[in-house]
Amino acid sequence: MVGLTADTQEGDVITITANDGTNDFVTTHTVTLAELTAGSAAVTLAGTYADGDYTTSAVISDAAGNSSAPSNPLLFSVDATSPGGVTGTDAPTLAIAEAAGGINAGELADGIQAVVGLTADTQEGDVITITANDGTNDFVTTPTPRKVT
Ligand SMILES: [Ca+2]
Ligand SMILES: [Ca+2]
């Protein structure tokens, strides 16, 4: 959504530039009379946006070559990669070695250690949630992911 300046006229062109740190992704849109009346224009950004962080700003210019000041910069990030894969159906594996034969007092003393196998599309910063249920209550663990070397 681009808010129009007071001096915007029908036919002026809005240019929205998104930058991923390397490349500019440029969208242009010609202002209509209805948008002038509304005071803003809804614009779908052109291009394909890969996962990453983007800085965006908008400028309005006219046919005579006059331009507005740029809008305040707007930051957004794209993360279209699901840990569940394209279909959302990929699942992690869960193993608790000491669960074999029951967890005894000695094994319980240092907590219950689980190993979670990550899906192919797991990314740094994704959160693992392990839920244990005793038939009545959920015991939820969200460990801080760490790199296994
Ligand atoms: Ca992701
Ligand atoms: Ca243990």
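Strand 2 (residues 13-19) pairs with strand 5 (residues 52-61) in the antiparallel sense, over seven bridges. The model is predicted. In this pairing, Ala18 stands opposite Thr56 of strand 5.

Strand 2 also pairs with strand 3, again antiparallel and over seven bridges. Thr17 has Val26 of strand 3 as its bridge partner. Asn19 stands opposite Asp24 in strand 3. The hairpin of strand 2 and strand 3 has four residues between the strands. Within this hairpin, Gly21 takes a positive phi near 100°.

Strand 5 has a further pairing, with strand 6 (residues 74-78). Five bridges join these two strands, which run antiparallel. Here Tyr54 stands opposite Phe76 of strand 6.

The pairings can be set side by side.

| Strand pair | Sense | Bridges | A facing pair |
|---|---|---|---|
| Strand 2 and strand 3 | antiparallel | seven bridges | Asn19 and Asp24 |
| Strand 2 and strand 5 | antiparallel | seven bridges | Ala18 and Thr56 |
| Strand 5 and strand 6 | antiparallel | five bridges | Tyr54 and Phe76 |

What is the order of strands in the sheet? The order is 3-2-5-6, in an open sheet of four strands with antiparallel pairing. Strand 3 (24-30) and strand 6 are the edge strands, and each pairs on one side only. On average, neighbouring strands of this sheet are turned by 25° against each other, direction ignored.

**The nonpolar core**

The largest nonpolar core has eight residues. They are Val2, Leu4, Ile14, Ile16, Ala18, Ala41, Ala58 and Ile60. Strand 2 and strand 5 each supply at least two residues of this core. Which strand gives the most? Strand 2 does, with three residues.

Ile16 is one of the core residues. Neighbours within four places in sequence aside, Ile16 is in contact with Val2, Thr27, Val43, Leu45, Thr56 and Ala58. Of these partners, Val2 and Ala58 are members of the core as well. Ala18 also has two roles: it belongs to the core, and it stands opposite Thr56 in strand 5.

**The whole chain**

The protein is divided into domain 1 (2-78) and domain 2 (93-141). The C-alpha centres of these two domains lie 48 Å apart.

The secondary structure comes to two helices and ten strands. Along the sequence, the pattern reads β-β-β-α-β-β-β-β-α-β-β-β. The radius of gyration is 26 Å, whereas the globule rule gives 15 Å for 149 residues. The value is well over the rule, so the protein is more spread out than a compact globule. Taken along the principal axes, the C-alpha atoms fill a box of roughly 80 × 35 × 25 Å.

How many of the 149 residues count as buried? The share is 8%. As for contacts between residues at least 6 apart in sequence, 51% join residues at least 24 apart.

Conventions
Residues are numbered from 1 along each chain as its sequence is written. Chains are lettered from A and ligands numbered from 1 in the order in which they are written. This is a predicted model: local features need pLDDT of at least 70, side-chain atom pairs count only at pLDDT 80 or more; totals for chains, interfaces and linings use all residues. Domain bounds come from an automatic or database domain assignment. Two strands pair if DSSP finds at least two bridges between them. Axes are lines fitted to C-alpha atoms, for helices over the stretch in contact, and angles run from 0 to 180 degrees between N-to-C directions. A nonpolar core is a set of buried Ala, Val, Leu, Ile, Met, Phe, Trp, Tyr and Cys residues joined through C-beta atoms within 7 Å. A residue is buried if 20 or more other C-beta atoms lie within 10 Å of its own, exposed if 12 or fewer, and partly exposed in between; C-beta atoms are placed from the backbone. Two residues are in contact if their C-beta atoms, placed from the backbone, lie within 7 Å. The radius of gyration is taken over C-alpha atoms; the globule rule is 2.2 Å times the number of residues to the power 0.38.
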